[in-house]
Amino acid sequence: MKKVKKHIIAILCIVMAAAFFSACGLKDGTDTKANTEGIDVNKISNGSFSVTVPDSWEGKYVTILDDESIQLYQKAAYESFGGGWLCSFEEFNDNGYKELPNYEVLMSGGKTDAETNQVLDEQTYIVMYPSDVQADLEDEKSTSEYFEMFDQLTQVAESFVLDN
């Protein structure tokens with residue numbers, strides 16, 4: 001009887017762990033709009049900074065996130081041939097961004113030591129744009145969608161904010 005209880009408890013633990021981990025899930029890099037009250041469902045954050053995309057982008061974009069960047073792609077071209085890059089929001093701790101071909105500085109500054117008044121950690125935040133066409137030129141609908149999204153990038157760049 002004692003063995004049966006141990007097996008039942010072990011099975012219940014396994015089932016509960018499986019349910020927990022399946023509920024957590026992994027984000028596949030594709031943002032989709034959820035109908036959630038009080039949450040900005042168009043906001044994309046990497047934990048350090050965020051941007052907001054237009055409602056019209058719903059289901060049309062892919063994001064790639066890491067600690068220092070948010071990359072935005074048009075979904076159709078990304079899935080078609082790995083292209084579709086619209087822009088990247090990046091954080092730099094040096095002047096390396098000045099070597100890039102097509103960027104705009106969004107914010108620059110650093111943390112200052114209150115006692116010594118020395119800059120401790122200076123960051124520059126930029127938006128970088130492609131220097132060549134990233135649309136799927138063989139698909140007229142996809143190409144049109146890419147350029148519509150590209151035309152709205154100024155609005156997305158203006159939404160850039162640092163997360164607290």
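Colleague: How far apart are the end C-alpha atoms of helix H3, and what span should its 12 residues give?

Modeller: Helix H3 covers residues 140–151, and its end C-alpha atoms are 17 Å apart, which agrees with the 16 Å expected at 1.5 Å a residue. That expected span is 1.5 Å times one less than the number of residues. Helices here are DSSP runs of H or I with at least four residues, strands are E runs of at least two, and both are numbered from the N terminus. Keep in mind that this is a predicted model: local features need pLDDT of at least 70, side-chain atom pairs count only at pLDDT 80 or more, and totals for chains, interfaces and linings use all residues. Residues are numbered from 1 along each chain as its sequence is written, and side-chain values use heavy atoms, with hydrogens and water left out.

Colleague: Ok, which residues of H3 are buried?

Modeller: Ser142, Thr143, Glu145, Tyr146 and Met149. They sit on the same side of H3, because they cover an arc of only 165° around the axis; the arc is that of the directions from the helix axis to the C-beta atoms. Buried means under 20% relative accessible area, exposed over 50%, and partly exposed in between (1.4 Å probe, protein chains only).

Colleague: And what's on the other side of H3?

Modeller: Glu140, Lys141 and Asp151, which are exposed there.

Colleague: What covers the buried residues?

Modeller: The cover includes strands S3 (61–66), S4 (69–74) and S5 (85–92), plus helices H2 (75–81) and H4 (153–158).

Colleague: Let's pick a residue in S5. Is Leu86 buried or exposed?

Modeller: Leu86, which is found in strand S5, is buried, with a relative accessible area of 0%.

Colleague: What does Leu86 touch?

Modeller: Leaving out residues up to four places away in sequence, its contacts (heavy atoms within 4.5 Å) include Trp57, Leu72, Tyr129, Tyr146 and Met149. Two of those names came up before: Tyr146 and Met149 are buried in H3.

Colleague: New topic. What order do the strands of the open sheet take?

Modeller: The order is S1-S2-S8, with antiparallel pairing. Strand S1 (43–45) and strand S8 (161–162) stand at the edges with a single partner strand each, so one side of each is left without a neighbour in the sheet. Two strands pair if DSSP finds at least two bridges between them.

Colleague: How many bridges join S2 and S8?

Modeller: S2 (residues 49–52) and S8 pair over 2 bridges. Phe49 has Leu162 in S8 as its bridge partner.

Colleague: Last one: how many helices and strands does the chain have?

Modeller: The protein chain has 4 helices and 8 strands.
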